[in-house]
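Me: I am new to reading protein structures. Could you walk me through one, feature by feature?

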Amino acid sequence: MLSGGTYRAFEIIGDSMMPTPSGSIIVGEKIENIENVKSNAAYIVVSKSEGIVYKRRMKSNKNKNRLNLVSDNRAYQPYQVHHAAVLETWRD
């Protein structure tokens, strides 16, 4: 079912991306160029500052050097991660 690319599975812990339940396994395809990340799509982001998170990426015209990460669960506030802190990005 998977063709080409590099894939990795991640276990999601927590309720920030409900209705995806805690304990779900998300398989992601590695994004080699951060410029290929699309707005409002869900990604697994591995960063120096936040570790491994599963969030939606929202584009901002104000600060192009940061990723705006948003949870589906509105109880969690959006936050930013600097591009330099991002180690890996995976598209679900």
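Reply: We will go through the sheet, the cores, two single residues and an aromatic pair. Keep in mind that this is a predicted model.

Me: Let's start with the sheet. In which order do the strands lie, and is the pairing parallel or antiparallel?

Reply: The general idea comes first: strands of a sheet pair through backbone hydrogen bonds, either parallel or antiparallel. Here, 7 strands form an open sheet with antiparallel pairing, and the order is E1-E2-E7-E3-E4-E5-E6. Strand E1 (7-11) and strand E6 (79-82) each have a single partner strand, so they stand at the edges with one side lacking a neighbour in the sheet. From one strand to the next, the twist averages 50°.

Me: How many bridges join E7 to strand E2, and how many to strand E3?

Reply: Strand E2 (residues 25-30) and strand E7 (residues 86-91) run antiparallel and are joined by 2 bridges. Strand E3 (residues 41-47) pairs with E7 over 5 bridges, also in the antiparallel sense.

Me: Which residues stand opposite Arg91 in E7?

Reply: Tyr43 stands opposite Arg91, and Glu29 stands opposite Arg91 too. You can also find Lys30 opposite Trp90 in E7.

Me: Now the inside. Which residues make up the largest nonpolar core?

Reply: As a general idea, nonpolar side chains tend to be buried together in soluble globular proteins. In this model the largest nonpolar core has 10 residues: Ile31, Val37, Tyr43, Val45, Val53, Leu67, Leu69, Val81, Ala85 and Val86. The elements that give two or more residues to this core are E3 and strand E5 (66-70). There is also a second, separate core of 9 residues, among them Phe10, Met17, Ile26 and Tyr54.

Me: What does one core member, Val86, touch beyond its neighbours in sequence?

Reply: Leaving aside neighbours within four places in sequence, Val86 is in contact with Ile34, Val45, Val46, Ser47, Leu67 and Val81.

Me: Val46 is on that list. Is Val46 buried or exposed?

Reply: Look at the relative accessible area: under 20% counts as buried. Val46 has 12%, so Val46 is buried. Its place is in strand E3. Not counting residues up to four places away in sequence, Val46 touches Phe10, Gly51, Ile52, Ala85, Val86, Leu87, Glu88 and Trp90. As for distance, the C-alpha atoms of Val46 and Arg8 are separated by 12 Å, with their positions 38 residues apart along the chain.

Me: Let's try a loop residue. Where is Ser24 found, and is Ser24 buried or exposed?

Reply: Ser24 is found in the loop between E1 and E2. With a relative accessible area of 17%, Ser24 is buried. Its side chain reaches the backbone oxygen of Pro21 at 2.7 Å. Not counting residues up to four places away in sequence, Ser24 touches Phe10, Glu11 and Ile12.

Me: How many aromatic pairs does a search of the whole structure find?

Reply: The search finds 1 aromatic pair. Phe10 and Trp90 form this pair, with 5.7 Å centre to centre and 65° between the planes.

Me: Why is that pair called edge-to-face?

Reply: Planes over 60 degrees apart count as edge-to-face, so an angle of 65° fits that name. The pair links distant parts of the chain, as Phe10 in strand E1 and Trp90 in strand E7 are 80 residues apart. Both Phe10 and Trp90 are buried.

Notes. Residues numbered from 1 in each chain as written. Predicted model: local features only at pLDDT ≥ 70, side-chain atom pairs only at ≥ 80, totals over all residues. Heavy atoms only, no water. Pairing = 2+ DSSP bridges. Helix = DSSP H or I, 4+ residues; strand = E, 2+ residues; numbered from the N terminus. Axes fitted to C-alpha atoms, helices over the stretch in contact; angles between N-to-C directions. Core = buried A, V, L, I, M, F, W, Y, C linked by side-chain atoms within 4.5 Å. Buried < 20%, exposed > 50% of the residue type's maximum accessible area, 1.4 Å probe, protein only. Contact = heavy atoms within 4.5 Å. Polar contact = N/O pair within 3.5 Å; in protein donor to acceptor, adjacent residues only side chain to side chain. Phe/Tyr/Trp six-rings, centres within 6.5 Å; stacked < 30°, edge-to-face > 60°.
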